[in-house]
Amino acid sequence: MTESTHPLVVAIDGPAGSGKSSVSRAVARRLGYSYLDTGAAYRALAWYVRDRAIDPADPDAVIGALPAFDYSIGTDPDDPAVRVGADDVTEAIREPAVSAIVSAVARIPAVRAHLTALFRSIAAGVDRPGIVVEGRDITTVVAPEAEVRILLTASEQARMARRSAEISTQSAQTVADQLRSRDRADSQVVEFMSAADGVNTVDSTHLDFEQTIGAVIEVINTRTARTSHD
Ligand SMILES: Nc1ncnc2c1ncn2[C@@H]1O[C@H](COP(=O)(O)OP(=O)(O)OP(=O)(O)O)[C@@H](O)[C@H]1O
Ligand SMILES: Nc1ccn([C@@H]2O[C@H](COP(=O)(O)O)[C@@H](O)[C@H]2O)c(=O)n1
């Protein structure tokens with residue numbers, strides 16, 4: 001067995017509202033790992049484009065905005081602050097107006113290539129022994145060689161109920177419609193509804209939050225024990 005020189009990568013994908021951010025963050029905290037929310041970068045770009053009145057459906061205009069898009073994110077699970085230039089956009093990127101346009105920005109191949117390179121460089125540079133990276137294409141595109149790859153899923157009904165419990169400013173029906181339409185748009189671009197070869201599925205439909213964290217850590221322990229014996 002040789003000493004690893006790069007942080008152990010735990011890649012987690014899944015549909016909207018499956019618990020990727022909250023569970024990944026909690027798992028990273030428990031294991032003393034870094035945490036990278038890749039959706040935050042797509043959201044921040046959508047926020048930036050909107051802020052500058054650029055049409056998110058115009059790929060050339062969005063690509064033209066990339067060189068000046070000065071993005072940063074914290075990888076400490078206790079402080080994953082998101083900034084664009086001097087603006088702290090941690091809260092703003094969660095607004096429904098950003099959620100409504102993020103899929104249009106995320107479907108542009110040059111945007112995906114730009115952000116994928118950024119994610120890889122952030123993940124390689126962390127100073128903790130591991131990093132949990134979550135999104136839609138982490139197990140398949142961003143880090144297909146990750147030591148641990150997980151599809152975190154839950155039934156549409158469970159995801160909608162959890163999400164609408166968080167959002168008091170919109171009706172349950174509106175929240176459900178938006179979640180469904182974002183998944184539909186995103187799944188035309190990347191596959192995150194079913195697990196790729198070698199990816200472990202954790203279905204949290206009948207698990208509470210704590211049980212889901214436990215199930216993810218169990219996969220990590222199993223996969224890393226196996227890797228260290230290879
Ligand atoms: N197993 C679980 N049981 C109950 N609630 C959960 C569970 N997992 C996550 N949640 C809750 O579900 C909600 C959605 O979770 P989270 O925001 O982490 O999902 P997500 O996959 O990152 O969503 P999105 O892709 O839309 O950003 C949160 O309120 C979270 O606390
Ligand atoms: N790896 C990823 C991550 C996210 N996206 C796009 O960003 C949107 C927001 O992501 P959340 O995880 O915060 O919900 C998502 O709807 C996708 O459009 C992506 O394409 N790839």
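Phenylalanine 69 is buried in this predicted model, and tyrosine 71 is buried as well. The rings of these two residues form an aromatic pair of the stacked kind, with 5.6 Å from centre to centre and 20° between the planes. Phenylalanine 69 also pairs with tyrosine 48, but here the arrangement is tilted, the centres lying 5.5 Å apart and the planes meeting at 50°. This second pair links distant parts of the chain, since tyrosine 48 belongs to helix 2 (residues 39–51), while phenylalanine 69 is found in the loop between helix 3 (59–65) and strand 3 (71–73), 21 residues apart. Like phenylalanine 69, tyrosine 48 is buried. Taken together, Tyr48, Phe69 and Tyr71 form one aromatic cluster, and a search of the whole structure finds three aromatic pairs. A further ring takes part in a contact with a charged residue: arginine 136 lies over the face of phenylalanine 192, at 5.5 Å from the ring centre.

The second region considered is the one annotated as a binding site. In an unreviewed entry, UniProt places the feature "binding site" at Gly14, Pro15, Ala16, Gly17, Ser18, Gly19, Lys20, Ser21 and Ser22. Serine 18, one of these residues, is located in the loop that runs between strand 1 (8–13) and helix 1 (20–31). With a relative accessible area of 1%, serine 18 falls under the 20% limit and therefore counts as buried. A polar atom of the serine 18 side chain lies 2.9 Å from the backbone oxygen of proline 15, and proline 15 is also listed in the annotated feature. When residues up to four places away in sequence are not counted, serine 18 touches Leu152, Thr153, Arg159, Arg162 and Ser204.

Glycine 19, which the same UniProt feature includes, lies in the loop between strand 1 and helix 1. Its relative accessible area is 18%, and because this value is under 20%, glycine 19 is classed as buried. Leaving aside neighbours within four places in sequence, glycine 19 is in contact with Ser24 and Leu152. Leu152 is thus a residue that appears among the contacts of serine 18 and among those of glycine 19.

Charged residues were examined next. Side chains of opposite charge can pair when their charged atoms come close. A search of the whole structure finds 10 salt bridges. In one of them, the side chains of arginine 94 and aspartate 37 meet with a distance of 3.0 Å from N to O. This pair links distant parts of the chain, with arginine 94 in the loop between strand 5 (87–88) and helix 4 (96–106), and aspartate 37 in strand 2 (residues 34–37), 57 residues apart. The two partners fall into separate classes of accessibility: arginine 94 is partly exposed, with a relative accessible area of 41%, whereas aspartate 37, at 7%, counts as buried.

Another salt bridge joins arginine 128 and aspartate 76, the closest N and O atoms being 3.6 Å apart. Arginine 128 lies in the loop between helix 5 and strand 6 (130–135), and aspartate 76 in the loop between strand 3 and strand 4 (82–84), so the pair ties together parts that are 52 residues apart in sequence. Arginine 128 has a relative accessible area of 28% and is partly exposed, and aspartate 76, at 30%, is also counted as partly exposed.

A salt bridge is also formed by the side chains of arginine 52 and aspartate 51, at 2.8 Å from N to O. Arginine 52 is partly exposed, with a relative accessible area of 42%, and aspartate 51 counts as partly exposed at 46%. In addition, Glu156, Asp177 and Arg180 are linked in a network of salt bridges.

Arginine 112, in helix 5 (residues 109–124), provides a case of a buried arginine, its relative accessible area being 14%. The side chains of arginine 112 and aspartate 137 are joined by a polar contact of 3.0 Å. Not counting residues up to four places away in sequence, arginine 112 touches Tyr42, Ala106, Asp137, Val189 and Val190.

Key
Residues are numbered from 1 along each chain as its sequence is written. Chains are lettered from A and ligands numbered from 1 in the order in which they are written. This is a predicted model: local features need pLDDT of at least 70, side-chain atom pairs count only at pLDDT 80 or more; totals for chains, interfaces and linings use all residues. Side-chain values use heavy atoms; hydrogens and water are left out. Helices (H or I, at least four residues) and strands (E, at least two) are DSSP runs, numbered from the N terminus. Buried means under 20% relative accessible area, exposed over 50%, partly exposed in between (1.4 Å probe, protein chains only). A polar contact is a pair of N or O atoms within 3.5 Å; within protein, one must be able to donate a hydrogen and the other to accept it, and residues adjacent in sequence count only if both atoms are side-chain atoms. Contact means heavy atoms within 4.5 Å. Rings of Phe, Tyr and Trp (its six-membered ring) pair if their centres lie within 6.5 Å; planes under 30 degrees apart count as stacked, over 60 as edge-to-face and the rest as tilted. A charge sits over a ring if NZ of Lys or CZ of Arg is within 6 Å of the ring centre and within 35 degrees of the ring normal. UniProt positions are given in the numbering used here, feature names are shortened, and annotations may be inferred rather than shown by experiment. A salt bridge is a side-chain nitrogen of Lys or Arg within 4 Å of a carboxyl oxygen of Asp or Glu.
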